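Here are my notes after going through this one with you in mind. Keep the structure open beside you and tick off the points as you find them.

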Amino acid sequence: MPHATASWLVDNTALSFTQIADFCGLHILEVQAMADDLAGAKYTGRDPVHSGELTHEEIERGQADPSYSLKMQKAPVDVSRTKGPRYTPVSKRQDKPDGIAWIIRNHPEISDAQIGRLIGTTRNTINAIRERSHWNIANIQPKDPVTLGLCSQRELDAAVAKAAKRVAAAEPAAEGEEAVETAAPTAPRDDKQELIAELRREREEAAKAAAEAAQEAEAEAWLTAKRAAEEQGEG
């Protein structure tokens, strides 16, 4: 929640915009827009001292020396989302295919649904990368999604453990099915309802992602216009 943390630091400290931007991983113009109350979205401040990410001493050290870079005392606690697609900043969305390719290559046991939740993508994109039919497949380089900032190491480890457990449970079941195959024919599997539910989820995720993209595009356009205006003013 970098924007909420930055909003709190702007309102409650005398840290410079550069210090806040560096600590929260934001562009300095985003922080300046918050300070000028010009940001497209209003954020409820999130106290990093209360969460243990900063101390009052660290803030005071930064206020005393504008060139000082704040040091995080404790990594933020991951907040799990139960609905909707994972939010990915615009600057990182181009890295999604690289992260997907890495998971497919290194952890084939992870299901498409798990990859979708980890990276915040759709099954169509995953299948296109797996089948090498993605429009940009020539430029996709498998890279660790944790290093790319698309998910946390804890989330990736949990997905790997869950997939391994599912595979281990499926193997004895498959052996048992082979043993009784001649005695009792298996009932045909009906995936129609599952497919309908999956399509509905992907449609909802696409709509939400489009809305987020529109909001971010508006914010980027505002920042670009502001930057251009500042450059003209300096000229």
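1. Start with helix 6 (residues 96-106) and helix 7, which pack at an angle of about 145° with 11 Å between their axes. Bear in mind as you look that this is a predicted model. The two helices, 6 and 7, cross in a right-handed way.

2. Which residues do the touching here, between helix 6 and helix 7? From helix 6 you'll find Lys96, Ile100, Ile103 and Ile104, and they meet Ile115, Leu118 and Ile119 of helix 7. Sort the residues of this contact by class and you get six nonpolar, no polar and one charged. Lysine counts as charged, so Lys96, on the helix 6 side, is the charged one.

3. Now follow the chain to the next pair. Helix 7 (residues 112-119) packs against helix 8 (residues 123-130) at about 110°, and their axes lie 9 Å apart. Why call helix 7 and helix 8 roughly perpendicular? Because angles of 65 to 115 degrees go under that heading, and the pair's angle is about 110°. This crossing, of helix 7 past helix 8, is right-handed.

4. On the helix 7 side of that contact, look for Asp112, Ala113, Ile115 and Gly116; on the helix 8 side, look for Arg123, Ile126, Asn127 and Arg130. The class count for helix 7 with helix 8 comes to three nonpolar, two polar and three charged residues. Notice Ile115: this residue of helix 7 is listed in the contact with helix 8, and it also turns up in the contact with helix 6.

5. Next, jump back along the chain to Gln19, which sits in helix 2 (residues 17-24). Is Gln19 buried or exposed? Its relative accessibility is 4%, so Gln19 counts as buried, the cut-off for that being under 20%.

6. What does the Gln19 side chain reach? It comes to 2.9 Å from the backbone oxygen of Tyr68. Setting aside neighbours within four places in sequence, Gln19 is in contact with Gly62, Asp65, Pro66, Ser67, Tyr68 and Leu70.

7. Last, zoom out to the whole chain. How many helices and strands does the chain have? There are 11 helices and zero strands, so reading from the N terminus you meet α elements from start to finish. Of the 235 residues, 31% are buried. Take the contacts between residues at least 6 apart in sequence, and 63% of them join residues at least 24 apart.

How values were computed. Residues are numbered from 1 along each chain as its sequence is written. This is a predicted model: local features need pLDDT of at least 70, side-chain atom pairs count only at pLDDT 80 or more; totals for chains, interfaces and linings use all residues. Side-chain values use heavy atoms; hydrogens and water are left out. Helices (H or I, at least four residues) and strands (E, at least two) are DSSP runs, numbered from the N terminus. Buried means under 20% relative accessible area, exposed over 50%, partly exposed in between (1.4 Å probe, protein chains only). A polar contact is a pair of N or O atoms within 3.5 Å; within protein, one must be able to donate a hydrogen and the other to accept it, and residues adjacent in sequence count only if both atoms are side-chain atoms. Contact means heavy atoms within 4.5 Å. Axes are lines fitted to C-alpha atoms, for helices over the stretch in contact, and angles run from 0 to 180 degrees between N-to-C directions. A crossing is left-handed if the near helix is turned anticlockwise from the far one by less than a right angle, and right-handed if clockwise.
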